[in-house]
Amino acid sequence: MNLWLSTSALEGFISIYPPKVLQDFSKEKKAIEDARFVLPNACDTKMIVTMNARSLHNFFRHRCCNRAQWEIRDVAIEMLKLCREVAPSLFMGAGPRCLRGACPEGKMTCGKVKEVRAFFEELNG
């Protein structure tokens, strides 16, 4: 089941929180997925996935990117660390697409290609 929050419902929930929370929320321009954290009953999701090496590489290309939603990016980075421990030769070059060339996001790039490359180089150890 998909849960879509109407603008008026979201505004109603947000209105009960102090202005500081609203300023921080607006200031950071968080994605609508993050709105559930200001709701009284934030939800928790547990998943089990099965992927082969090709699917994992594709997952890491998309979800390790700075433009990915922060929760899934954190999960993807942790998964990449685990994959590198188990099969280092298969996953040493895995990560966001900007590791192997220019960022494909165009105008929507995070602008931090050097930092991203340094971060993933550090992960390689």
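## Helix α3 and its buried face

In helix α3, which covers residues 53-63, the residues L56, F59 and F60 are buried. Seen down the axis of α3, these buried residues fall within an arc of 95°, so they line one face of the helix. The structure described here is a predicted model, and the statements in this report should be read with that in mind.

The buried residues of α3 pack against two other helices, namely α4, which spans residues 70-86, and α5, which spans residues 88-91. At the N-terminal end of α3, N52 acts as a cap, with a side-chain oxygen that lies 3.2 Å from the backbone nitrogen of R54.

## M79, a residue of α4 that touches α3

M79 is found in helix α4, and when residues up to four places away in sequence are not counted, M79 touches M51, L56, F59 and F60. Among these partners, L56, F59 and F60 are the residues of α3 already described as buried. M79 and F59 are 20 residues apart in sequence, while their C-alpha atoms are 10.0 Å apart in space.

Is M79 itself buried or partly exposed? Residues under 20% relative accessible area are called buried and those over 50% exposed; M79 has a relative accessibility of 22%, and it therefore counts as partly exposed.

## R84, a buried residue of α4

R84 also lies in helix α4, and because its relative accessibility is 9%, R84 counts as buried. Leaving aside residues up to four places away in sequence, R84 touches F91, M92, A94, F120, L123 and N124.

Two of these partners can be described in further detail. A polar atom of the R84 side chain lies 3.2 Å from the backbone oxygen of M92. R84 and A94 are 10 residues apart in sequence, and the distance between them in space, taken from C-alpha to C-alpha, is 8.9 Å.

## The cavity and its lining

The structure holds one cavity of 30 Å³ or more, and the volume of the largest cavity is about 80 Å³. Which residues line the largest cavity? The lining is made up of R61, C65, N66, P96, R97, C98, C103, P104, E105, C110 and V116.

When the residues of this lining are divided by character, seven are nonpolar, one is polar and three are charged. R61, one of the lining residues, falls within the range of residues 53-63 that forms helix α3.

## The chain as a whole

The protein chain has six helices and zero strands, and, read along the sequence, it follows the pattern α-α-α-α-α-α. Of the 125 residues in the protein chain, 22% are buried. If one considers the contacts in the chain that have a separation of 6 or more, residues 24 or more positions apart account for 49% of them.

Notes. Residues numbered from 1 in each chain as written. Predicted model: local features only at pLDDT ≥ 70, side-chain atom pairs only at ≥ 80, totals over all residues. Heavy atoms only, no water. 1 Å grid on protein atoms, 1.4 Å probe; cavity = no way out; pocket = protein on both sides within 12 Å on 5 of 7 lines; lining within 4 Å. Points joined across faces, edges and corners; volume = space filled by probe spheres on them. Nonpolar A, V, L, I, M, F, W, Y, C, P; charged D, E, K, R; others polar. Buried < 20%, exposed > 50% of the residue type's maximum accessible area, 1.4 Å probe, protein only. Helix = DSSP H or I, 4+ residues; strand = E, 2+ residues; numbered from the N terminus. Arc of directions from axis to C-beta. Contact = heavy atoms within 4.5 Å. Polar contact = N/O pair within 3.5 Å; in protein donor to acceptor, adjacent residues only side chain to side chain.
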